[in-house]
Amino acid sequence: MAPLRALAPKNLVVAGILLMLAGDFMFALNDAMGKWLVANFSVGLVVAVRSIGAFIILGPMIARQGVSKLFQVERPGTQVVRAVMTTVDTGLFYAAVVHLPLADVMSFYMAGPIYVAALSHFMLGERIRWRRWAAILVGFCGVLVILNPSAAAFSLSAVYAFIGSVAFALSIVYSRQLRGTPDTTLVTWQTIAALVAGLAFALPDWQTPGLVDIGPMLLLGIVSCAAHLMITRALKLAPASTLAPLHYSLLLWAIVFGMVFFGDVPGPRVLVGAAIVVLAGLFIFHRQKVVDTVPPENVPKGVN
């Protein structure tokens, strides 16, 4: 098979699209596996063992890059805050799916690009005109429809999903500020942070998983890391404006996996709210006129 760089430009775009779709499928599979695991084990334990599993892929990448480069980072303070945000994002996602259907939680996370657009105005100095502000407002209304903040329907799991989605958006904004940092370094430190946090929450109420259970937890880390690498490679092969809308296939897979494996059927409120969020997000991408040179951080990579 010819190397990717030898393919015609049109074929490269097709390869990028296929990798993006495969990566999103892997992320959705990761989410379904995580929901199954946190039903029987603590979120801290699942996050910790998952992080160890990620090093099965990260290990060779770190060896090739050199361990010393992990400590040669720009803006150490921002690196720490970003690692904390990614850990909060991952932990709260798994905490939310303990009691909420996958599609409900994923609907909150689909609002990530909307939050990113708003946060970029204040944190990155990016100019946001009235049309995108209107889309941001409409998208947040979609989040409120999903959240359903009434005394009868308000739940702690929904709050976890909402806060986790905001942490996810913040991690993307901080990633934009760290564009000069290699992916291997960024992913390694966020994985270490998740490992430390997972152990801190798991140790007080430790559950020793059997060998049959450790395997799926390690596989969770492998699947998540592989998905991240697929999407990163896709963004180097095809324009971000072409790939960005494909990310919303995550919501479709969340609905399918939720129905097939957990018997969860999303209600009309969630579907309406998700549709509003997706349409607002797509409009924001359209208004940004994303081009090939836009960095990968402009496309949400999934939260987990």
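**Helix contacts, ring pairs and enclosed spaces**

Ser157 is found in helix 7, the helix that covers residues 156–177. The model described here is a predicted one, and Ser157 makes a convenient starting point for a tour of it. With a relative accessibility of 8%, Ser157 falls below the 20% limit and therefore counts as buried. Once its neighbours within four places in sequence are left aside, the contacts of Ser157 are Ala95, Ala96, His99 and Leu100.

A second buried residue is Thr78, which belongs to helix 3 (residues 76–97). Its relative accessible area is 13%, a value under 20%, so Thr78 is classed as buried. Residues up to four places away in sequence not being counted, Thr78 touches Tyr174, Gln177 and Leu178. The C-alpha atom of Thr78 is also separated by 8.9 Å from that of Ser175, a residue 97 places away along the chain.

The aromatic residues come next. In total, the structure holds 8 aromatic pairs. In one of them, the ring centres of Phe25 and Trp253 lie 4.9 Å apart and the ring planes meet at 75°; an angle over 60° counts as edge-to-face, so this pair is given that label. The two partners come from distant parts of the chain, 228 residues apart: Phe25 is in helix 1 (residues 9–38), while Trp253 is in helix 11 (residues 249–262). How buried or exposed are these two residues? Phe25 has a relative accessibility of 30%, which lies between 20% and 50%, so Phe25 counts as partly exposed. Trp253, at 29%, lies between the two limits as well and is therefore also partly exposed.

The pairing extends beyond these two rings. Phe25, Trp253, Phe257 and Phe261 are linked by ring pairs into a cluster. Another kind of ring arrangement involves Lys35, whose charged end sits over the ring of Phe262 at 5.3 Å from the ring centre.

Attention now turns to the spaces in the model. A search of the whole structure finds 2 cavities of 30 Å³ or more. The second largest cavity holds about 30 Å³ of space. Its lining is made up of Leu58, Met61, Asp183, Thr184, Val187, Cys225, His228 and Leu229. At least two of the lining residues are supplied by each of helix 2, helix 8 and helix 9. By residue class, the lining of this cavity divides into 5 nonpolar, 2 polar and 1 charged.

Pockets, unlike cavities, are open spaces. The second largest pocket has a volume of about 230 Å³. Which elements give two or more residues to the lining of this pocket? They are helix 2 (43–65), helix 8 (183–202) and helix 9 (211–237). Helix 9 gives the most, with 4 residues. The residues that line the second largest pocket are Met61, Arg64, Gln65, Asp183, Thr184, Leu229, Thr232, Arg233 and Lys236. This lining divides into 2 nonpolar, 3 polar and 4 charged residues.

Some residues appear in both linings. Met61, Asp183, Thr184 and Leu229 line the second largest pocket, and these four residues are also part of the lining of the second largest cavity. Helix 2, helix 8 and helix 9 likewise contribute to the pocket and to the cavity.

Conventions: Residues numbered from 1 in each chain as written. Predicted model: local features only at pLDDT ≥ 70, side-chain atom pairs only at ≥ 80, totals over all residues. Heavy atoms only, no water. 1 Å grid on protein atoms, 1.4 Å probe; cavity = no way out; pocket = protein on both sides within 12 Å on 5 of 7 lines; lining within 4 Å. Points joined across faces, edges and corners; volume = space filled by probe spheres on them. Nonpolar A, V, L, I, M, F, W, Y, C, P; charged D, E, K, R; others polar. Phe/Tyr/Trp six-rings, centres within 6.5 Å; stacked < 30°, edge-to-face > 60°. Buried < 20%, exposed > 50% of the residue type's maximum accessible area, 1.4 Å probe, protein only. Lys NZ or Arg CZ within 6 Å of the ring centre and 35° of its normal. Contact = heavy atoms within 4.5 Å.
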